[in-house]
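Me: I am new to this structure and would like a close look at a single part of it. Please begin with one pair of residues, and then follow the connections outward with care.

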Amino acid sequence: MSELVGFIISGLVTGAIYALLAAGLVLAYSASGVLNFAHGATAYLSALVFFELNQGLGLPAVPAALCTVFGFAPALGWLLDRVMFRKLARLGETPQIVATIGLLVALPALGLWVVKLLTDAGVDLAKAENQYGLPGVGPSPAKHWKLMEGVGVDSDQLITWIVTAVVAVALWILMRHTPLGLRLRASVDSRTLTELRGVSADRLSGIAWMISAGLAGAVGVLAAPLLALSSVDYTLILFVSAAAAVLGRFKSVPIAFGGGLLLGVVQNLVAGYAPSWTEKITGFRTSVPFLLLFVGLLVLSRSKRSAGTAAVDAPPPDYLAGMSPLRRWAPWLAAGVFLAVSLYTWTTAFWIGLIAQGLAAALVFLSFTVVTGLGGMVSLAQATFVTASALTAGLLMSHGVSFFLALVAGTVVAALLGVVVALPALRLSGRMLALATLALAFLGDQVLFQMRWLRNGDSGWSIPRPVVGPVDLNDDRALALALLIIVAVVVVLIRNLENSASGRAMLAVRSAPPAAMASGVSVVRTKLALFGISAGIAGFGGVFWASFNTRITSTEFTAMNGLVWLAIVVAAGIRRPQFAVVAGLTFALFPHLMEEYVTETPQVPVILFGLAGLALAGNPEGWIVQMAEAGHALRARFAGTPAKSAGHEPEAPVARADVRETAPTPSADAGVLLRLRGVHAGYGGVDVLHGVDLDVRAGSILALLGANGAGKTTACAVAAGLLAPSAGRVELADTNGGFRDVTRLSAVRRARDGVLLAPEGRGIFPSLTIDENLAMWLRAPAERDRVYERFPGLAARRKVPAGSLSGGEQQQLAVAPLLVRPPKVLIADEPSLGLAPLVVEEIFRFVAELREMGVALLLVEEKASEILTVADTVAFMSVGRVSWCGPRDEVDEHRLTAAYLGMALDGGAVADEVPS
Amino acid sequence: MVPVLLLAGCNSSTTKKKTDQTPDQKGASASASKDPIKIGGVVSKTSASGYSKADTDLGAKARFMMANDAGGVNGRKIDYIGSEDDGQDPARTTTAVRKLVQQDHVFAVVPVNTTTIGGSADFLKDNKTPYIGWGTLPAFCNQEYGMGYNGCLVPMPGGSVNTSWPGLLTAILGGDAKGKSVALVTQDTDAGKFGLRTYQQAFPPSGFTVSYGKSTVPGTTVPTDWSPWVSEIMSSNNGKAPDVVVSIMQTPANIGLFTALKRAGFTGVLTDATDYDPALLKQASSKEALQDVQIFVQNMPFESDLPEMGKFKEYLSKAKGSPVTEWNQSMMVGWNSADLFLAIAAKAGDNLTVESFQASAANFSDTYPLVGDRKFPVGRKDSFGCGAMVQLKGDKYTITAPYKCYPTVPFK
């Protein structure tokens, strides 16, 4: 019994560390949508800073810990948010995953480099290597108390518990009882709506990253006595704690917190009570946390989209689109020929070896082009396929099988393993899939490749290079040339695959699985095929890579290596196979070029490889495309043709002049609070609005009517600041009767200026309670009480999550706070959508009430009948223009029909005209 | 494609010849003159686990410096170009070794102190480049060009396993281990299991009973909590604690396990083979955790007053350019690897070529006080089997069993 209690008590210490990590992971993820694989690296850096402050600079432990947790770590979080996470949040999942993985590699190297630089500069720091038994915040060595027979606790454990408990309470208070926590939770629910309430989601995510990094900092300080300064250990415990975050579905901080504690206890119980047969499976106990992570992901995480993640990442403009295939491929062909010639002319034996190694790596890297580039799925298990294939080949060759048969066998084994790894892909996608493949990769390292018959101990297997007739690949030069040819063939095959029916099926599954299924494409088969082919390529390349060393040991290509590979490939560009080849050569040659010509510091190439992922935040297509674009722009400048920037056409100067003329006539604008002038706007370079003018007046309702697709919602988005127009102006009346250009102001700023958008659908935060929803607009409790007086129905359920209300009640909840604190301008996009007629009536009563209060209202509706009962002015929109605008009395059936059918009216008299 | 490959084939035969020539050229040019002998090493100076063997480089540099001060090897100076850092990353090890051989044209790769040298063994053999390091890996066993400075420390089934560790423990226990029980703890990896198997066979011949032998400690991250292992070990000897606990793990794991065992009231002998490092005494908690622990050392302990140890310390300071007051095993690995190279090269005679070096190494025996009796070819498959036991008492290590060589027993 005491044993069990002991396991639980001490398991809670490990659990506390997991809990703190998981909480930080979830907090940052939910606020920004970025899953930070480098969270463990942040903890490591914090441990390093704490160690150097304490041991190097001689600061007492407590101030050193406080500096780390409240100074360094949040500052790092803030900095990373500014330069990276904020931009990443707007990109697809692949660049997000890769950029943070790059950071995972770069941060520890950066830390060690800075320590070295400071030491060289004469700062008296302690050596960061070979440090064990580091002191924590408490006494060192830790004091130990015996609680009962076999159960004890030491001061470090006690401090860990106390800190964890304090953090738990503080987080709870922060999230549940402060305006900041309310906003954080609101932005998790709906980032856009939060912005529309005048709260900057960017600032919130910055704060979330600071808190998250602060938690990582606490882990660094608390875990220093346990993990010392081993960066890889911090990253490993982060991956383990991801299991706890999965338990909280990456949304709930409290569940993730509890999950972390539970995880520590379960791990201890497994270590203490696992049946003895498990000892026969080498690596079983090591892999328990990863088993838990994998199972947790499969059971708990269900993604909405079942396929890849590519819906957001649109391909970049193809500058070579119009060129003939020969012209397009000419540079690559030339590069290949140059490399081949180089091998036989000016290169030395050493560089030939590097090139051969780089090409072997390129062959493996091409596998990423298939699974991630084509399939939109991030696999972190590619190194596992490489090892599996090479070990298989080595095992067979030790039995006298020829190289080529062994190569085929290795490739097949890797492909089959790929299909097994793909099974979670049928359920998971994006970052969850990446985590699942990572868990499998660790299981491979810790269990599969620990099997003696497969790994052959530390000596591994010999993989002699093949000799075919006169071609002896034992020569590096011949191997390099053969690899160059093989790489070229695989590149061509992958290009053909992309253009084949299967390739199109893969693209279809990647971007829209239900649509793909509807067109008769088997999602299951396509995904399995993608992983199978990709793993096969990795395995095929792996045998060659191993043959470069003529030996394969099970530690040659580890899961951690796979992470670095991914960062390098994606940083170069994942969309085309040629980029993977460049990545492979970079991987082999770059560190040496650096060492030869720049610096001998081993950390610098690692930092650069890692930070290459960071460049993705600037351009998710990778540095090759970025350089090509820069080259294209440069050439365009020299050729004298203006480079087309993101499809924004220069606006017509004439239209602009018109607008300016009308602007300074106050008499015509009496009562106008918000106006749009000559607005052009659209999405992805395609204009939806072609010059829209609108005036919204105080105490007046402007109804914007039009058929589906006329541009009403776009006009609302421009008016509220959610979408920046490509041309034209949005102006807001200022206090002295003039107008202020607010075109470039964000939705947040406009909301603060009193322009509020009630977006299409329900403008509420479903996870927040009714009271919290109200608090997003009504900060003072007295104001909220006025809402409750008016709506007793809401008052009775103020602690109920808004998501559980009926559609009508939700709309009521969205409008209610506005009646208490009316905005200057309210833009409501289809407030009646999907509501019962009685509720619609009520909503329009509120609208009329707001008008009485002097609010300027812009109402968008598709159905005209109800709105015409309340509107003062009506504007019809069709195909991106205001086709008619005038007082409600002048609207008749003829006009309505014409507007909805997009016909010209009255000789087109009123198009673009602003009525007074 | 076929013609290109044929072209590759034609050319390959010429380059192959050229590669074959390289070592000969090294030898030829060397014998023609009294040029310095170029030597470079590969050492994991950095690693993701925060462990560094950087001082191996200093140890080798010191030993070569001493040789040069004495006039070199048969009149030829050693040009030690330092050690490449491989970051304990296999790909970087490969590149580092290739750079030394193909770009720097070293005569031999000394010292080698990295766990990831395995992938480069074949390359070194093909390029006829001798290498010497710490023989804890198969790359130093039964290799034509690779040697461990204290022999091959990886026992092979059918071969033998040395009994120095149990022998030294027996000496500590008063010369008789009969009836003493020992618990063996290793990590949950294949290598850990293999180590367990080795010591399960090495301990009984000295009289020990292995009452506990498990490879269940997670192989990646060190456990933050040791209670499950401690409770098992404490009752493994028929419900009682064993007399000796042998940890075949690295420092961070040893610190955790020993602290937990002591707290649980363990009063027997704790022993490991990695924690002989004065740097560990700087932290109060590691100093406490390792207090009284018997540490098995395969080199002559630094506390020894042999004149060779005096030279070692003298030249380390000289090589560093500032006084060295803390010595560690990495320095010893570098020093002893360099010393073995120098001894073999000296015996090879005036015309040092790869061939003469290999011929000298093929049948070599001498006694070097810091390592013991060095014998090849025996050392290509067996450990020299020497060691000492030191114990941490207060602020310093003391020798509890002097440096001695022990016999081997068959390994099944």
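Reply: In this predicted model, Ala733(A) stands opposite Phe739(A), a residue of strand S11(A). That pair belongs to the connection between strand S10 (residues 727-733) of chain A and S11(A), two strands that run antiparallel and are joined by 3 bridges. Both strands are part of an open sheet of 4 strands in chain A, which follow one another in the order S8-S7-S10-S11 with antiparallel pairing. Strand S8 (686-697) and strand S11 (739-741) of chain A each have a single partner strand, so they stand at the edges, and one side of each is left without a neighbour in the sheet. From one strand to the next, the twist averages 25°.

Another strand of chain A, S9 (residues 700-706), is mostly covered, since 6 of its 7 residues are buried. S9(A) runs parallel to strand S14 (residues 856-861) of chain A, to which 6 bridges join it, and it also pairs in the parallel sense with strand S15 (residues 873-878) of chain A, over 5 bridges. Ala703(A) shows both connections, with Leu859(A) as its bridge partner in S14(A) and Val874(A) as its bridge partner in S15(A).

Burial can be followed into a helix of chain A as well. In helix H6 (residues 179-189) of chain A, 8 of the 11 residues are buried, so this helix is largely enclosed by the rest of the structure. Its buried residues are Leu182(A), Arg183(A), Leu184(A), Arg185(A), Ala186(A), Ser187(A), Val188(A) and Asp189(A). They pack against several helices of chain A, namely H1, H5 (155-177), H7 (191-196), H8 (201-227) and H29 (770-775).

Chain B offers a helix that can be read in a similar way. Of the 8 residues of H7(B), 6 are buried, so H7(B) too is largely enclosed by the rest of the structure. The buried residues are Ser227(B), Pro228(B), Trp229(B), Val230(B), Ile233(B) and Met234(B). Their packing partners come from both chains: helix H1 (2-32) and helix H10 (253-273) of chain A, and, in chain B, strand S7 (181-187), S8, strand S9 (244-247) and H8.

A single residue of chain B also leads across to chain A. Gln283(B) lies in the loop between strand S10 (269-272) and H9 of chain B, and this residue is buried because 21 other C-beta atoms are found within 10 Å. Once its neighbours within four places in sequence are left aside, Gln283(B) is in contact with Tyr132(A), Gly133(A), Leu134(A), Pro135(A) and Ser140(A).

Taken over the whole contact between the chains, 70 residues of chain B meet 74 residues of chain A. On the side of chain B, the elements that give two or more residues include helix H6 (190-202), strand S8 (209-217), helix H7 (227-234), helix H8 (251-263) and helix H9 (284-290) of chain B. The element that gives the most is H1(B), with 12 residues. By class, this side of chain B divides into 27 nonpolar, 31 polar and 12 charged residues.

Within chain B, the domain assignment gives domain 1 (2-153 + 306-381) and domain 2 (160-297 + 387-410). The centres of these two domains, taken over C-alpha atoms, are separated by 32 Å. Their contact takes 6 residues from domain 1 of chain B and 5 residues from domain 2 of chain B. The side belonging to domain 1 of chain B has 1 nonpolar, 3 polar and 2 charged residues.

It remains to ask how confident the predictor is. Chain A has a mean pLDDT of 84, with 92% of its residues at 70 or more, and among its elements helix H26 (residues 653-662) has the lowest mean, 36, whereas helix H14 (residues 382-398) has the highest, 96. The pLDDT is below 50 over residues 304-312 of chain A, a stretch that has 28 contacts in the model beyond near neighbours in sequence. It is also below 50 over residues 642-668 of chain A, where 19 such contacts are found. For chain B the mean pLDDT is 88, and 92% of its residues reach 70 or more. Residues 1-32 of chain B have a pLDDT below 50, and this stretch has 48 contacts in the model beyond near neighbours in sequence. For the complex, the predictor gives an ipTM of 0.88 and a pTM of 0.87.

Definitions and conventions
Residues are numbered from 1 along each chain as its sequence is written. Chains are lettered from A and ligands numbered from 1 in the order in which they are written. This is a predicted model: local features need pLDDT of at least 70, side-chain atom pairs count only at pLDDT 80 or more; totals for chains, interfaces and linings use all residues. Two residues are in contact if their C-beta atoms, placed from the backbone, lie within 7 Å. Ala, Val, Leu, Ile, Met, Phe, Trp, Tyr, Cys and Pro count as nonpolar, Asp, Glu, Lys and Arg as charged, and the others, Gly among them, as polar. Domain bounds come from an automatic or database domain assignment. Two strands pair if DSSP finds at least two bridges between them. Axes are lines fitted to C-alpha atoms, for helices over the stretch in contact, and angles run from 0 to 180 degrees between N-to-C directions. A residue is buried if 20 or more other C-beta atoms lie within 10 Å of its own, exposed if 12 or fewer, and partly exposed in between; C-beta atoms are placed from the backbone. pLDDT is the predictor's confidence in each residue, from 0 to 100.
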